[in-house]
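This report goes through one protein model and its ligand, residue by residue where that helps. The sequence and structure come next.

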Amino acid sequence: MKKYVTINDIKNIRHTIQEAIQLKKNPYQFENLGKNKTLVMLFFNASLRTRLSTEKAAKTLGMNVMVLNIDDCWDLEYDNGTIMNLTKAEHIKEAANVISQYGDVIAIRIFPTLTNKEKDETEQVLNSFVKYATVPIVNMESATAHPLQALADAITISELKTTSRPKVVLTWAPHPKALPHAVANSFIKIMKEIDVDLLITHPKHYELNSNITKDVPISHNQVKALKDADFVYAKNWSNYHDYGKIISVDENWMLTNEKLGNAKFMHCLPVRRNVVVEDAVLDGEYSVVIEQANNRTYAAQIVLKNILKTL
Ligand code: CP
(Lines give C-alpha, C1' and ligand atoms only; values in the text may rest on other atoms or scores of the structure.)
Protein backbone atom coordinates (compact mmCIF):
# COMPACT_ATOMS: atom_id res chain seq x y z
CA MET A 1 0.00 0.00 0.00
CA LYS A 2 1.53 3.32 -1.12
CA LYS A 3 -0.84 5.57 0.83
CA TYR A 4 -4.17 5.46 2.68
CA VAL A 5 -6.16 8.49 1.64
CA THR A 6 -9.47 6.77 0.86
CA ILE A 7 -10.67 3.20 1.25
CA ASN A 8 -10.03 2.83 -2.50
CA ASP A 9 -6.34 2.57 -1.57
CA ILE A 10 -7.02 -0.90 -0.15
CA LYS A 11 -6.78 -3.42 -2.98
CA ASN A 12 -8.70 -6.22 -1.25
CA ILE A 13 -10.84 -4.99 1.63
CA ARG A 14 -12.13 -8.40 2.71
CA HIS A 15 -8.58 -9.72 2.89
CA THR A 16 -7.37 -6.64 4.80
CA ILE A 17 -10.17 -7.04 7.37
CA GLN A 18 -9.14 -10.66 7.95
CA GLU A 19 -5.47 -9.60 8.19
CA ALA A 20 -6.43 -7.05 10.86
CA ILE A 21 -8.39 -9.67 12.83
CA GLN A 22 -5.35 -11.96 12.75
CA LEU A 23 -3.04 -9.10 13.76
CA LYS A 24 -5.30 -8.35 16.73
CA LYS A 25 -4.65 -11.87 18.05
CA ASN A 26 -0.88 -11.26 18.07
CA PRO A 27 -0.29 -7.48 17.75
CA TYR A 28 3.49 -7.67 18.22
CA GLN A 29 4.14 -10.06 15.33
CA PHE A 30 5.59 -7.19 13.24
CA GLU A 31 7.25 -5.35 16.14
CA ASN A 32 10.50 -4.81 14.21
CA LEU A 33 8.98 -3.80 10.85
CA GLY A 34 8.91 -0.12 11.81
CA LYS A 35 12.34 -0.03 13.45
CA ASN A 36 14.16 3.19 12.52
CA LYS A 37 11.05 4.52 10.80
CA THR A 38 9.09 7.54 12.00
CA LEU A 39 5.41 8.43 11.76
CA VAL A 40 4.66 12.17 11.84
CA MET A 41 1.06 12.91 12.82
CA LEU A 42 -0.30 16.37 11.92
CA PHE A 43 -3.46 17.53 13.65
CA PHE A 44 -5.38 20.51 12.31
CA ASN A 45 -8.29 19.47 14.57
CA ALA A 46 -8.99 17.78 17.89
CA SER A 47 -8.87 14.02 18.37
CA LEU A 48 -8.92 11.42 21.12
CA ARG A 49 -9.25 8.01 19.45
CA THR A 50 -7.43 8.67 16.19
CA ARG A 51 -4.47 10.22 17.92
CA LEU A 52 -3.99 7.53 20.56
CA SER A 53 -4.88 4.48 18.45
CA THR A 54 -2.65 5.53 15.54
CA GLU A 55 0.25 6.26 17.87
CA LYS A 56 -0.28 2.93 19.63
CA ALA A 57 -0.42 1.10 16.29
CA ALA A 58 2.79 2.73 15.07
CA LYS A 59 4.66 2.00 18.29
CA THR A 60 3.49 -1.63 18.30
CA LEU A 61 5.13 -1.89 14.86
CA GLY A 62 8.33 -0.46 16.33
CA MET A 63 8.00 3.02 14.78
CA ASN A 64 8.95 6.32 16.35
CA VAL A 65 6.11 8.83 16.49
CA MET A 66 6.11 12.63 16.36
CA VAL A 67 2.91 14.67 16.78
CA LEU A 68 2.48 18.26 15.59
CA ASN A 69 -0.65 20.23 16.41
CA ILE A 70 -0.89 22.66 13.52
CA ASP A 71 -2.11 25.42 15.85
CA ASP A 72 1.48 25.49 17.11
CA CYS A 73 2.88 25.77 13.59
CA TRP A 74 3.25 28.47 10.90
CA ASP A 75 0.11 29.36 8.99
CA LEU A 76 0.39 27.48 5.66
CA GLU A 77 -0.37 28.74 2.14
CA TYR A 78 -1.83 26.20 -0.31
CA ASP A 79 -2.49 28.28 -3.43
CA ASN A 80 0.21 28.69 -6.04
CA GLY A 81 1.50 32.07 -7.15
CA THR A 82 0.22 33.91 -4.07
CA ILE A 83 2.13 36.98 -2.92
CA MET A 84 2.60 35.86 0.66
CA ASN A 85 2.63 39.27 2.30
CA LEU A 86 -0.28 38.61 4.70
CA THR A 87 -0.65 36.00 7.46
CA LYS A 88 0.54 32.83 5.69
CA ALA A 89 4.19 32.32 6.59
CA GLU A 90 5.09 29.08 4.81
CA HIS A 91 4.02 27.39 1.57
CA ILE A 92 2.85 23.77 1.57
CA LYS A 93 5.54 23.00 -1.06
CA GLU A 94 8.31 23.59 1.48
CA ALA A 95 6.36 22.40 4.53
CA ALA A 96 5.36 19.01 3.08
CA ASN A 97 8.84 18.37 1.70
CA VAL A 98 10.50 19.39 4.98
CA ILE A 99 8.20 17.14 7.06
CA SER A 100 9.12 14.32 4.65
CA GLN A 101 12.75 14.73 5.76
CA TYR A 102 11.73 13.90 9.35
CA GLY A 103 9.02 11.31 8.83
CA ASP A 104 8.79 8.12 6.74
CA VAL A 105 4.99 8.30 6.84
CA ILE A 106 2.84 11.42 7.38
CA ALA A 107 -0.67 11.12 8.84
CA ILE A 108 -3.03 14.10 8.66
CA ARG A 109 -6.31 15.15 10.26
CA ILE A 110 -8.03 18.11 8.59
CA PHE A 111 -11.78 18.72 8.91
CA PRO A 112 -13.92 20.52 6.28
CA THR A 113 -14.89 24.17 6.46
CA LEU A 114 -18.57 23.17 6.00
CA THR A 115 -19.01 26.58 4.38
CA ASN A 116 -17.56 25.97 0.90
CA LYS A 117 -18.58 22.60 -0.55
CA GLU A 118 -16.54 22.91 -3.75
CA LYS A 119 -13.39 23.74 -1.81
CA ASP A 120 -13.98 21.01 0.80
CA GLU A 121 -14.50 18.45 -1.96
CA THR A 122 -11.15 19.26 -3.53
CA GLU A 123 -9.53 18.12 -0.27
CA GLN A 124 -6.95 20.84 -0.86
CA VAL A 125 -4.93 20.31 2.32
CA LEU A 126 -4.80 16.51 2.18
CA ASN A 127 -4.13 16.43 -1.56
CA SER A 128 -1.43 19.09 -1.27
CA PHE A 129 0.40 16.83 1.17
CA VAL A 130 -0.08 13.89 -1.23
CA LYS A 131 1.37 16.06 -4.02
CA TYR A 132 4.27 17.74 -2.26
CA ALA A 133 5.34 15.22 0.40
CA THR A 134 7.84 12.61 -0.72
CA VAL A 135 6.59 9.93 1.69
CA PRO A 136 3.25 8.03 2.04
CA ILE A 137 0.24 9.91 3.42
CA VAL A 138 -2.41 8.48 5.78
CA ASN A 139 -5.79 10.18 6.15
CA MET A 140 -6.79 10.49 9.82
CA GLU A 141 -10.11 12.16 8.75
CA SER A 142 -10.33 14.73 6.05
CA ALA A 143 -13.09 16.94 4.64
CA THR A 144 -14.93 14.06 2.98
CA ALA A 145 -13.48 10.80 4.30
CA HIS A 146 -12.53 8.94 7.48
CA PRO A 147 -11.08 5.70 6.09
CA LEU A 148 -9.39 4.52 9.31
CA GLN A 149 -12.73 4.74 11.11
CA ALA A 150 -14.47 2.90 8.28
CA LEU A 151 -11.93 0.09 8.36
CA ALA A 152 -12.38 -0.25 12.14
CA ASP A 153 -16.15 -0.33 11.63
CA ALA A 154 -15.89 -3.06 9.00
CA ILE A 155 -13.56 -5.09 11.25
CA THR A 156 -16.08 -4.75 14.10
CA ILE A 157 -19.00 -5.94 11.97
CA SER A 158 -16.95 -8.82 10.57
CA GLU A 159 -16.01 -9.94 14.09
CA LEU A 160 -19.46 -9.63 15.65
CA LYS A 161 -21.85 -10.66 12.90
CA THR A 162 -23.91 -13.80 13.56
CA THR A 163 -25.28 -14.18 10.02
CA SER A 164 -23.35 -14.33 6.78
CA ARG A 165 -25.07 -11.20 5.43
CA PRO A 166 -26.22 -8.93 8.27
CA LYS A 167 -28.63 -6.05 7.85
CA VAL A 168 -26.76 -2.82 8.62
CA VAL A 169 -28.65 0.46 9.04
CA LEU A 170 -26.93 3.83 8.98
CA THR A 171 -29.26 6.26 10.70
CA TRP A 172 -29.01 10.04 10.90
CA ALA A 173 -29.30 11.28 14.50
CA PRO A 174 -29.86 14.76 15.91
CA HIS A 175 -26.95 16.97 17.01
CA PRO A 176 -26.71 20.63 18.06
CA LYS A 177 -23.62 21.36 15.93
CA ALA A 178 -23.02 21.11 12.20
CA LEU A 179 -21.00 17.97 11.62
CA PRO A 180 -19.06 16.72 8.57
CA HIS A 181 -20.08 13.91 6.20
CA ALA A 182 -16.75 12.08 6.36
CA VAL A 183 -17.70 9.23 8.70
CA ALA A 184 -20.96 8.50 6.89
CA ASN A 185 -19.27 8.68 3.46
CA SER A 186 -16.50 6.24 4.31
CA PHE A 187 -18.83 3.90 6.20
CA ILE A 188 -21.14 3.65 3.17
CA LYS A 189 -18.21 3.09 0.83
CA ILE A 190 -16.72 0.28 2.88
CA MET A 191 -20.10 -1.38 3.55
CA LYS A 192 -20.58 -1.59 -0.23
CA GLU A 193 -17.40 -3.69 -0.37
CA ILE A 194 -18.37 -6.33 2.20
CA ASP A 195 -21.21 -8.83 2.61
CA VAL A 196 -23.94 -6.74 4.26
CA ASP A 197 -27.35 -5.39 3.33
CA LEU A 198 -26.95 -1.66 3.90
CA LEU A 199 -29.89 0.69 4.38
CA ILE A 200 -29.67 4.43 5.09
CA THR A 201 -32.34 6.31 7.00
CA HIS A 202 -32.49 10.07 7.49
CA PRO A 203 -35.04 12.89 7.59
CA LYS A 204 -36.16 14.30 4.24
CA HIS A 205 -33.65 16.73 2.69
CA TYR A 206 -30.68 15.14 4.48
CA GLU A 207 -29.47 13.22 1.42
CA LEU A 208 -25.72 12.70 1.32
CA ASN A 209 -23.59 12.93 -1.83
CA SER A 210 -25.52 10.81 -4.34
CA ASN A 211 -22.27 9.58 -5.91
CA ILE A 212 -21.58 7.83 -2.62
CA THR A 213 -25.09 6.63 -1.74
CA LYS A 214 -25.75 5.38 -5.30
CA ASP A 215 -27.43 1.93 -5.23
CA VAL A 216 -28.04 2.04 -1.45
CA PRO A 217 -31.73 2.06 -0.39
CA ILE A 218 -32.76 5.15 1.57
CA SER A 219 -35.78 5.44 3.87
CA HIS A 220 -37.21 8.48 5.62
CA ASN A 221 -39.01 6.25 8.13
CA GLN A 222 -36.46 5.44 10.82
CA VAL A 223 -38.63 2.99 12.77
CA LYS A 224 -39.40 0.92 9.66
CA ALA A 225 -35.78 1.04 8.51
CA LEU A 226 -34.48 -0.24 11.85
CA LYS A 227 -36.79 -3.26 11.87
CA ASP A 228 -34.82 -6.54 12.05
CA ALA A 229 -31.47 -4.73 11.83
CA ASP A 230 -28.39 -6.61 13.00
CA PHE A 231 -26.26 -3.47 13.33
CA VAL A 232 -27.41 0.13 13.72
CA TYR A 233 -24.84 2.87 13.14
CA ALA A 234 -26.04 6.25 14.39
CA LYS A 235 -24.36 9.39 13.09
CA ASN A 236 -25.30 12.98 12.60
CA TRP A 237 -24.35 14.85 9.46
CA SER A 238 -25.16 18.43 8.51
CA ASN A 239 -27.08 19.21 5.35
CA TYR A 240 -25.17 18.36 2.19
CA HIS A 241 -27.20 20.38 -0.31
CA ASP A 242 -27.75 23.47 1.85
CA TYR A 243 -24.15 22.83 2.67
CA GLY A 244 -23.11 22.65 6.32
CA LYS A 245 -26.48 23.89 7.62
CA ILE A 246 -28.61 22.29 10.34
CA ILE A 247 -32.17 22.17 9.05
CA SER A 248 -33.46 19.65 11.59
CA VAL A 249 -32.65 18.70 15.15
CA ASP A 250 -35.72 16.48 15.36
CA GLU A 251 -35.40 14.78 18.75
CA ASN A 252 -37.59 11.92 17.53
CA TRP A 253 -34.57 10.68 15.58
CA MET A 254 -32.56 10.05 18.78
CA LEU A 255 -31.80 6.35 19.04
CA THR A 256 -33.57 4.55 21.90
CA ASN A 257 -33.49 1.00 23.20
CA GLU A 258 -37.03 0.52 21.94
CA LYS A 259 -36.02 1.43 18.38
CA LEU A 260 -32.77 -0.56 18.55
CA GLY A 261 -34.40 -3.87 19.48
CA ASN A 262 -31.74 -6.60 19.48
CA ALA A 263 -29.44 -4.86 17.01
CA LYS A 264 -25.87 -4.00 17.93
CA PHE A 265 -25.35 -0.28 18.36
CA MET A 266 -22.44 1.42 16.63
CA HIS A 267 -21.08 4.97 16.74
CA CYS A 268 -17.64 6.33 15.90
CA LEU A 269 -17.51 8.45 19.10
CA PRO A 270 -17.42 11.02 20.56
CA VAL A 271 -21.16 10.82 21.10
CA ARG A 272 -23.55 13.20 22.87
CA ARG A 273 -25.59 11.16 25.33
CA ASN A 274 -29.34 11.70 25.28
CA VAL A 275 -29.08 13.77 22.10
CA VAL A 276 -27.79 11.26 19.53
CA VAL A 277 -28.59 8.17 21.60
CA GLU A 278 -30.13 7.58 25.00
CA ASP A 279 -28.06 6.42 27.98
CA ALA A 280 -29.82 3.07 28.07
CA VAL A 281 -28.43 2.15 24.64
CA LEU A 282 -24.84 3.14 25.38
CA ASP A 283 -24.94 1.47 28.78
CA GLY A 284 -26.86 -1.55 27.48
CA GLU A 285 -25.71 -4.97 26.34
CA TYR A 286 -25.98 -4.23 22.60
CA SER A 287 -23.59 -1.28 22.43
CA VAL A 288 -20.33 -2.14 20.64
CA VAL A 289 -18.86 1.37 20.59
CA ILE A 290 -15.92 0.40 22.81
CA GLU A 291 -15.10 -2.59 20.57
CA GLN A 292 -15.21 -0.18 17.60
CA ALA A 293 -12.83 2.23 19.34
CA ASN A 294 -10.51 -0.67 20.21
CA ASN A 295 -10.48 -1.74 16.56
CA ARG A 296 -9.19 1.70 15.55
CA THR A 297 -5.78 0.43 16.71
CA TYR A 298 -5.86 -2.64 14.46
CA ALA A 299 -7.19 -0.67 11.50
CA ALA A 300 -4.29 1.77 11.84
CA GLN A 301 -1.82 -1.04 12.46
CA ILE A 302 -2.74 -3.04 9.37
CA VAL A 303 -2.58 0.12 7.23
CA LEU A 304 0.81 1.16 8.63
CA LYS A 305 2.10 -2.41 8.33
CA ASN A 306 1.13 -2.58 4.66
CA ILE A 307 2.70 0.84 4.00
CA LEU A 308 5.91 -0.07 5.87
CA LYS A 309 6.26 -3.16 3.69
CA THR A 310 6.61 -0.91 0.64
CA LEU A 311 9.32 1.36 2.12
N1 CP B 1 -13.85 8.55 15.93
C2 CP B 1 -12.84 9.42 15.93
O3 CP B 1 -12.23 9.73 14.90
O4 CP B 1 -12.53 9.91 17.19
P5 CP B 1 -11.58 11.14 17.45
O6 CP B 1 -12.19 12.33 16.76
O7 CP B 1 -11.56 11.30 18.95
O8 CP B 1 -10.22 10.85 16.90
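A95 is a buried residue, with a relative accessible area of 7%. The model is a predicted one. A95 belongs to helix α3, which runs over residues 92–102. Its C-alpha atom is 47 Å from that of L226, and 131 residues separate A95 and L226 in sequence.

**The ligand and its surroundings**

Ten residue names describe the shell: S47, L48, R49, T50, R109, H146, Q149, C268, L269 and R296 are the residues around the ligand. By class, this shell divides into three nonpolar, four polar and three charged residues. As for location, the ligand sits in the largest pocket.

Side chains of the shell reach oxygen atoms of the ligand at short range in the following cases.

| Residue | Atom of the residue | Atom of the ligand | Distance |
|---|---|---|---|
| T50 | N or O atom of the side chain | oxygen | 2.7 Å |
| R109 | polar side-chain atom | oxygen | 2.8 Å |
| R296 | polar side-chain atom | oxygen | 3.2 Å |

The ligand taken alone exposes 260 Å², and the protein buries 93% of that area.

**E141 and R109**

R109, which has a polar side-chain atom 2.8 Å from a ligand oxygen, also has a neighbour in space from another part of the chain. The C-alpha atoms of R109 and E141 are 5.1 Å apart, while their positions lie 32 residues apart in sequence. E141 is found in the loop between β6 (137–139) and α6 (147–160). Is E141 buried or exposed? Because its relative accessibility is 8%, E141 counts as buried. The backbone of E141 has a phi near 110°, a positive value in a residue other than glycine.

**Backbone geometry elsewhere**

L114 also has a positive phi, of about 60°, although L114 is not a glycine. Most residues other than glycine have a negative phi, and most peptide bonds are trans. L114 is placed in the loop between β5 (105–109) and α4 (117–122). With a relative accessibility of 10%, L114 counts as buried.

Which form does the peptide bond from L269 to P270 take? That bond is cis, with omega near 0°. P270 is in the loop between β11 (264–266) and α11 (279–282), and L269 is one of the residues around the ligand.

**Other buried residues**

S128 lies in helix α5, residues 124–132. Its relative accessible area is 8%, so S128 is buried. A polar atom of the S128 side chain is 2.5 Å from the backbone oxygen of Q124.

T60 lies in helix α2, which spans residues 49–60. T60 counts as buried, at 6% relative accessibility. Along the chain, T60 and I302 are 242 residues apart, and their C-alpha atoms are separated by 11 Å. R49 and T50, both among the residues around the ligand, have numbers that fall within the range 49–60 of helix α2.

L179 is situated in the loop between β7 (167–172) and α7 (182–191). Why does L179 count as buried? The reason is a relative accessible area of 18%, because buried means under 20%. L179 and K235 are 56 residues apart in sequence, with a C-alpha to C-alpha distance of 9.3 Å.

**Summary**

The ligand sits in the largest pocket, and the protein buries 93% of the area that the ligand exposes when taken alone. T50, R109 and R296 each place a side-chain atom at a listed distance from a ligand oxygen. On the backbone side, the points to check in the display are the cis bond from L269 to P270, the positive phi of L114 and the positive phi of E141.

Definitions and conventions
Residues are numbered from 1 along each chain as its sequence is written. This is a predicted model: local features need pLDDT of at least 70, side-chain atom pairs count only at pLDDT 80 or more; totals for chains, interfaces and linings use all residues. Side-chain values use heavy atoms; hydrogens and water are left out. A residue is near a molecule or strand if one of its heavy atoms lies within 4 Å of it. A polar contact is a pair of N or O atoms within 3.5 Å; within protein, one must be able to donate a hydrogen and the other to accept it, and residues adjacent in sequence count only if both atoms are side-chain atoms. Accessible areas come from the Shrake-Rupley method with a 1.4 Å probe; for residues, only the protein chains shown count as cover. On a 1 Å grid over the protein atoms alone, a cavity is a set of points where a 1.4 Å probe fits but cannot get out, and a pocket is an open set with protein on both sides within 12 Å along at least five of seven lines; lining residues have an atom within 4 Å of a point. A molecule sits in a cavity or pocket if more than half of its atoms lie within 2 Å of its grid points. Ala, Val, Leu, Ile, Met, Phe, Trp, Tyr, Cys and Pro count as nonpolar, Asp, Glu, Lys and Arg as charged, and the others, Gly among them, as polar. Helices (H or I, at least four residues) and strands (E, at least two) are DSSP runs, numbered from the N terminus. Buried means under 20% relative accessible area, exposed over 50%, partly exposed in between (1.4 Å probe, protein chains only).
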